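Got your viewer open and a selection box ready? Here is a walk through the fold, one stop at a time.

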Amino acid sequence: MKMTDNKHDDDPHYHIVGGGPVGYATALLLAKDGIHSTVYESRASVVDVPEESYPIGVNARGLHTLGLIDPSLAASCRDTGKIINAWEIYGGGGSKVADLPSGVVYGTSRARVNLILAEAALRPEFASLITVVNNYRLRSVRLAARELVFEERLSGGGKREVVVATGPNGRVVAADGCNSAVRRAVDEQDEGFSCTVTPWKNEFRVIFAPPGASAPGLDKTVHYIFAGFYAATVDMGGQQTWTCVVGARDGAPRAERELLLSEDPSDANVTALRKLLETRSPLVAPIFGDDELRRFFGRRTFRGAMVQCSRANVGEWLVLLGDAAHSVLPPTGEGINSGLEDAAILAASVRGAPTAPFSEYEAARGADVAGLLSYASYPN
């Protein structure tokens, strides 16, 4: 099936690939200026399921972008999150070796921010300008023809190919993450574009305590780093819940790495995981019961990559935002915050240079991204 954008007026239609926080933030900011967009998302819906997400911190720049859309969005992020007063870093023996005071970053989850933005897109003042198309997975991009090729999952279980011809006034915003299909297509078809993708040396999984469970010795306003494990609270059903992000590093002992990536919830693996938690993060280990440790082995793992592109735009037809353009490591705290900032700068570029917004964006954002990637390369 082929769909064509037949708009012939002077106002472009923005085709946004990816319904994550950056994609929705871009659509909402464009709508604030009366600009139509379509968001294409591979999932059936956006839901706040902490087990399918991970804890993050939204800093002043991320909150600023949410506030540009509507002050109530920044307020919602603060109200459902938890102020991070500090990060405390512990060595392998369980003793604290450093702390970093904060008091300005709000701890939450990526899924929560995504839901805040997705629900905003349903408001009457935005819904007339934003079309959301779910169950659309991008398969390829045809740069010369200015077409996007999707696989649509049908309600009956089947699939079909949908080709979106963006037309003379269509523009594409790629916000489809560090494994961006858009970026791969640009790398293959644009001889002037180059990209380096360096896989993270860590793969992550998350353990969750029961909602509201107490954790003697731990402070909900502090995020803890225990020799590669990261403990923090996230909101689950209105209650702050302790989580532990467990990292399986490439250079770790083989038995440890195999354990942390195993899908076998055997008694032996549960016992081994508990022993590892007690060794690495003794303050956190007691709050996780055996049933939760067993569920750990059935959860998805998260592994991304460092992404560095020679430029973010393909003329005035396509631009890469967020992790699709400059994915970094989680310890930098920059993933969602730099992505949201991308959306704000793009919206300002559209206002300031409506006929050449993507070139304007690249000029405004390129140096910042280069600096971010230089800084972010060290923790890997």
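Let's begin with Ile 345. Setting aside residues within four places of Ile 345 in sequence, its contacts are Tyr 361, Ala 364 and Arg 365. Ile 345 sits in helix 11. Is Ile 345 buried or exposed? Its relative accessibility is 18%, so Ile 345 counts as buried; the cut-off for that label is under 20%. Now add Thr 26 to the selection: the two residues are 319 apart along the chain, and their C-alpha atoms are 9.6 Å apart. Keep in mind throughout that this is a predicted model.

**Stop two: helix 2 against helix 11**

Stay on helix 11 (residues 335-352) and bring up helix 2 (residues 60-69). Two packed helices are described by the angle between their axes and the distance between the axes. Here the angle is about 40 degrees and the axes are 8 Å apart. That angle makes helix 2 oblique to helix 11. To see what touches, show side chains for Arg 61, Gly 62, Thr 65 and Leu 68 on helix 2, then Asn 337, Ser 338, Leu 340, Glu 341 and Ala 344 on helix 11. The crossing of helix 2 past helix 11 is left-handed.

**Stop three: Val 58**

Next, select Val 58, which belongs to strand 4 (residues 55-58). With 0% relative accessibility, Val 58 counts as buried. Which residues does Val 58 touch, not counting those up to four places away in sequence? The list is Leu 63, Cys 77, Val 104, Val 105, Tyr 106, Thr 108, Val 113 and Asn 337. You have already met Asn 337, in the contact between helix 2 and helix 11. For a longer look across the model, try a distance from Val 58 to Thr 243: these are 185 residues apart in the chain, with 17 Å between their C-alpha atoms.

**Stop four: the seven-stranded sheet**

Strand 4 leads into an open sheet of seven strands. Colour them in the order 4-6-5-14-15-16-13, and you have a sheet with mixed pairing. Strand 4 is at one edge and strand 13 (202-208) at the other, each pairing on one side only. From one strand to the next, the twist averages 40 degrees.

Zoom in on strand 14 (residues 222-226) and strand 15 (residues 229-236): they run antiparallel, joined by three bridges. Pick Ile 225 and its bridge partner in strand 15, Tyr 230. Then switch on the helices that pack on this sheet. Helix 7 (residues 254-261) touches strand 13 and strand 16 (239-249), and its direction makes about 135 degrees with that of strand 16. Helix 8 (residues 267-280) touches strand 13, strand 14, strand 15 and strand 16; its direction is at about 105 degrees to that of strand 15.

**Stop five: the six-stranded sheet**

Now move to another open sheet, with six strands in the order 7-3-2-11-19-18 and mixed pairing. Strand 7 (130-133) and strand 18 (313-314) are the edges; each has a single partner strand, so one side of each lacks a neighbour in the sheet.

Select strand 2 (residues 13-17), where five of five residues are buried. In a regular strand the side chains alternate between the two faces of the sheet. On strand 2, His 13, His 15 and Val 17 point one way, while Tyr 14 and Ile 16 point the other way.

What stands opposite Ile 16 in strand 11? That is Val 173, and strand 11 (residues 170-174) pairs with strand 2 in the parallel sense over five bridges. Over in strand 3, Ile 16 stands opposite Val 39. Strand 3 (residues 37-40) also runs parallel to strand 2, through four bridges. Follow the chain from strand 2 through helix 1 (residues 21-32) to strand 3, and you trace a right-handed β-α-β crossover. Carry on to strand 7, which pairs with strand 3 in the parallel sense over four bridges; Ser 37 stands opposite Ile 130 there.

**Last stop: helix 1 and helix 4**

Finish with helix 1 and helix 4 (residues 110-120), whose axes come within 9 Å and cross at roughly 25 degrees. The two helices are therefore roughly parallel to each other. Helix 1 passes helix 4 in a left-handed crossing. For the contact, show Pro 21, Tyr 24, Ala 25 and Leu 28 from helix 1, with Arg 110, Val 113, Asn 114, Leu 117, Ala 118 and Ala 120 from helix 4. Val 113 is one of the residues that Val 58 touches.

Note on methods: Residues numbered from 1 in each chain as written. Predicted model: local features only at pLDDT ≥ 70, side-chain atom pairs only at ≥ 80, totals over all residues. Heavy atoms only, no water. Buried < 20%, exposed > 50% of the residue type's maximum accessible area, 1.4 Å probe, protein only. Pairing = 2+ DSSP bridges. Right-handed = clockwise from strand over helix to strand, strands pointing away. Axes fitted to C-alpha atoms, helices over the stretch in contact; angles between N-to-C directions. Parallel < 35°, antiparallel > 145°, perpendicular 65-115°, else oblique. Left-handed = near helix turned anticlockwise from the far one by under 90°. Contact = heavy atoms within 4.5 Å.
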